[in-house]
Structures are given as C-alpha cells and as structure tokens.
Amino acid sequence: MKHHDVIIIGAGAAGLMCAATAGYRGRDVLVLDNAKQAGRKILISGGGRCNFTNQKVEPANFICGNPHFVKSALARYRSSDFIELVERHGIEYHEREHGQLFCNDSAKDIVTMLMTECEWAGNKIQLRTEITAVAQQENGHFTLITSNGDFSCESLVIATGGLSMPKLGASPYGYKIAQQFGLKVLPTQAGLVPFTWHAEQKIRFEPLSGIAVPSTITAADGTQFTEALLFTHRGLSGPAVLQISNYWQPGEAISINLLPGENALEKIELALKNHPKQSLRNTLSHWLPKRLVEALFEEVQLDKALNQLGHGERETLADALNNWSIMMNGTEGYRTAEVTLGGVDTNELSSKTMQANNVTGLFFIGEVMDVSGWLGGFNFQWAWASGVAAGLAV
Ligand code: FDA
C-alpha cells in the first residue's frame, strides 16, 4: 500500500487548487479522479471561456445554510489573488458586465495553468481511477482501495463536486463519503438552471423561443435580479432566470417585471395623453417585441385605441407588465444545471480549514458542500478559496 501525506479525490477546480497549495508546502499529494481528463467542468464553463472569478466577491453572493461560513476562506483567498495567478501565467482575460472575468481565448488556459501549478508543486495526478472503499485506521490514517492500487494517507480531501451535468461524470460520491463518516448532508436541488413550461404554457409561449428582453425577476422570498430574460423552446432561461432559480422552490410563482425600473401605469397614462388614438398593440410594441406582446396579451383586445380603455383596464395592463406572476412547471434539472444547491452541511466543517469537526484529517472543498454561488464566476471563486483553505491545512 503506497502512502501519501494527502490524497484528494476529484481533479476539478477545487481539487487541483488544493493540490497545488499543499504541494508548495512540501506535502506529498496524490490526486485521484475517475474521469479520463482533469477539470472537465472548467473546460466547458463560461461558454468555453471560463468565467473564472468576479471583480467583486461578497459573502452575499453565496447561498449556504450558514451564511457566515464562506467569510473566512473568501477573505483569505480573494479574487485578486486568483487574477494575479492568471496574470502570472500570461493568460489574457477580459471583464464583462457585473465584474465577470473571462479568458480571452479558451477555458483550456485555466486547466493548463492549474495542471502546471500542480506539476511545479510536485503533485501526482492519477485519472481513470475508481475508488471502491475508504476507511479510517486506528492511527487516524485513511486507506483507499481503488481500481489502480491501494493507498493510505494522513489527510483525505473530498473534492468530487455536485450533481450537475451527470454526462460529465458528476456523482453523489462525496455525499456518500460524508454519510459514511457520520456527516449530515442537506437535501440537494439543481441551481443556476432554466425553468420549463407547463403543457398549456408551452403552446402559448414556445413560438417566442429566441426572444430576449431586459427584466427584473423576483422570487417568493423577495430576492431580485435585473438581467436578461430569454424565451426558449422548453421554458425560460437567460441570466435573470438562472440567478432566480437558486432562490426558487417547486410550487412557487415568480414575478417578472418586463419594464425594469419603469412605472408601466405612468407610461400608459403618458401614451394616452400624447397619442390617445394609438392602438394598444402599437403602444406596447414600442416597449416590447411584438410577438411577446401578442402572446402575453392574447386575451386582450389589442386593436382598441388607448382612449377606449377604462382606468381599471389600464391598471390591469400595467400590472401585467410590471408584475407578470407566472407559475413554472419546474426546472431542467441536473442535466443542464450549472450548480447543485445543498450538499455536505457546513455546520459539520471548520470554516477556516474545511476539515470535518468530528473526523480529524477528513476535508470537503468546492461544490460538494452546501455552498452555491450566483452566476458570474462566484462558484469558481468558492472552489479556489475553499481549495486553498484546505491546502494550507492538510
Ligand atoms: P468539479 O465538478 O469541478 O470537479 C469534481 C471532480 O470530481 C471531477 O473531476 C469529477 O470527475 C471528480 N469525481 C466525481 N465523482 C468522482 C468519483 N466517484 N471518483 C473520482 N472522482 C470523482 N462556475 C463559475 O464560477 N463560472 C463559470 O463560468 C461556470 N460555468 C459553468 C458551466 C457549466 C455548463 C457548468 C455545469 C458549471 C459551471 N460553473 C461555473 C460551475 C463550476 O463549474 C463548478 O461550481 C465548479 O467546477 C466546482 O468545482 P469542484 O472542484 O467542486 O467540482
């Protein structure tokens, strides 16, 4: 049985970052992964350009059963630290709206950078390896039985990620290890995920597929995002929808403001004053795509002139524009979700080191735990920060 100081299960964002950090401290590190390639989620992230972090990262950008948990790791490894690493490797990047940073060329650059760091730090990375059993010995060391040999280690780091994108090898393995060692795992749910239509909504709205409009979407708990809303064949997507999906529970309505920052009633009253004979269809088509107007107001007589509408009708129209309350069927689930909400309960872990409070030597990092970020590079920043926190402690 070959012994290493540290074994990390999962050669993804968090695992590779942790490996490099621990390796530079002189720890002998082995990274195991059952995939044939390291960092596969990084490669497809950000449309192939990897939104690797955000200029402005705050604890409020994360969803976690214990909102204070993320503070320590995020404060000790900031987005500026990762940007400095990216720059040191000569990777060119650019900023998009809301402080999101993307590679100019390809997400491959980030994987190459992490693999180079691991190489410089002296880490061994063993892919295509199935772990069949993990146990802790009386001396506190862990033993791992795998398809590629048996190993022992002092510190075992679980970096197996969440359940999103099973096609890429996502697995519940990390949760199983947590449960095996008596740690609580909170229920999981797909996050940063598009919504799907009910059958009757699909008939009405499917023809709008491809239309994108600015919006403010509000969840039942009052959380709000102002970003683009995209109509798709299957339902609603776009950044505003992905963001709000993190705060949505099945059976809850969402409220969509199609005229963000504007008072629809005031707009209608002004149009009535200036163009009393203009049809409702023409008026609304100045503000929203015509096809959307027709689908949204299919029960309204759009040919009526503005001065033929009663005050109550104008109020109802304004409400539909500023507060379109819609009950979606569900989400596209883990198949397309970017993250998994829930996971290993952070109350079981040290926020400084990511070590399990009751199992010395066992660490959890990245998405496997109950920490999910907003869209915009926050999930990678959590992978980097929690990976570094554990890498300094293993
Ligand atoms: P990650 O999933 O990266 O790695 C887990 C590793 O564990 C994998 O290599 C896997 O093969 C391995 N593994 C799993 N089970 C195993 C087992 N049983 N045995 C051995 N190994 C096992 N975030 C962001 O900030 N910016 C972005 O642009 C994007 N874009 C994006 C696009 C898409 C399509 C998705 C699905 C996700 C994103 N994300 C993102 C989210 C981001 O990819 C995610 O939060 C991080 O990759 C999480 O890092 P981890 O290291 O925790 O898991």
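These legends walk you through a few close-up views of a predicted model.

**View 1. The long annotated domain, residues 4–391.** Let us start with the wide stretch. An unreviewed UniProt entry annotates residues 4–391 as "domain: RsdA/BaiN/AoA(So)-like Rossmann fold-like". Helix makes up 30% of the chain here and strand 25%. Look for the two end C-alpha atoms of this stretch, which lie 14 Å apart.

**View 2. The annotated insert, residues 189–339.** The unreviewed UniProt entry also gives the annotation "domain: RsdA/BaiN/AoA(So)-like insert", covering residues 189–339. Over residues 189–339 the chain is 33% helix and 22% strand. The C-alpha atoms at the ends of this stretch are 9 Å apart.

**View 3. An open sheet of 7 strands.** Follow the strands across in the order β17-β16-β13-β14-β15-β12-β18, with antiparallel pairing. At the edges sit β17 (324–326) and β18 (330–331), each of which pairs on one side only.

**View 4. Strands β14 and β15 side by side.** Here β14 (residues 224–231) and β15 (residues 235–237) run antiparallel, joined by 2 bridges. To find your way, look for leucine 230, which stands opposite serine 237 in β15.

**View 5. The shell around the ligand.** There are 36 residues around the ligand, and Gly10, Gly12, Gly161, Tyr173 and Gly366 come nearest. The elements α1 (13–24), α2 (40–44) and α13 (378–391) each give two or more residues to this shell. Of the elements, α13 gives the most, with 4 residues. Sorted by class, the shell holds 16 nonpolar, 15 polar and 5 charged residues.

Key. Residues numbered from 1 in each chain as written. Predicted model: local features only at pLDDT ≥ 70, side-chain atom pairs only at ≥ 80, totals over all residues. UniProt positions renumbered as here; feature names shortened; annotations may be inferred. Pairing = 2+ DSSP bridges. Near = placed C-beta within 6 Å. Nonpolar A, V, L, I, M, F, W, Y, C, P; charged D, E, K, R; others polar.
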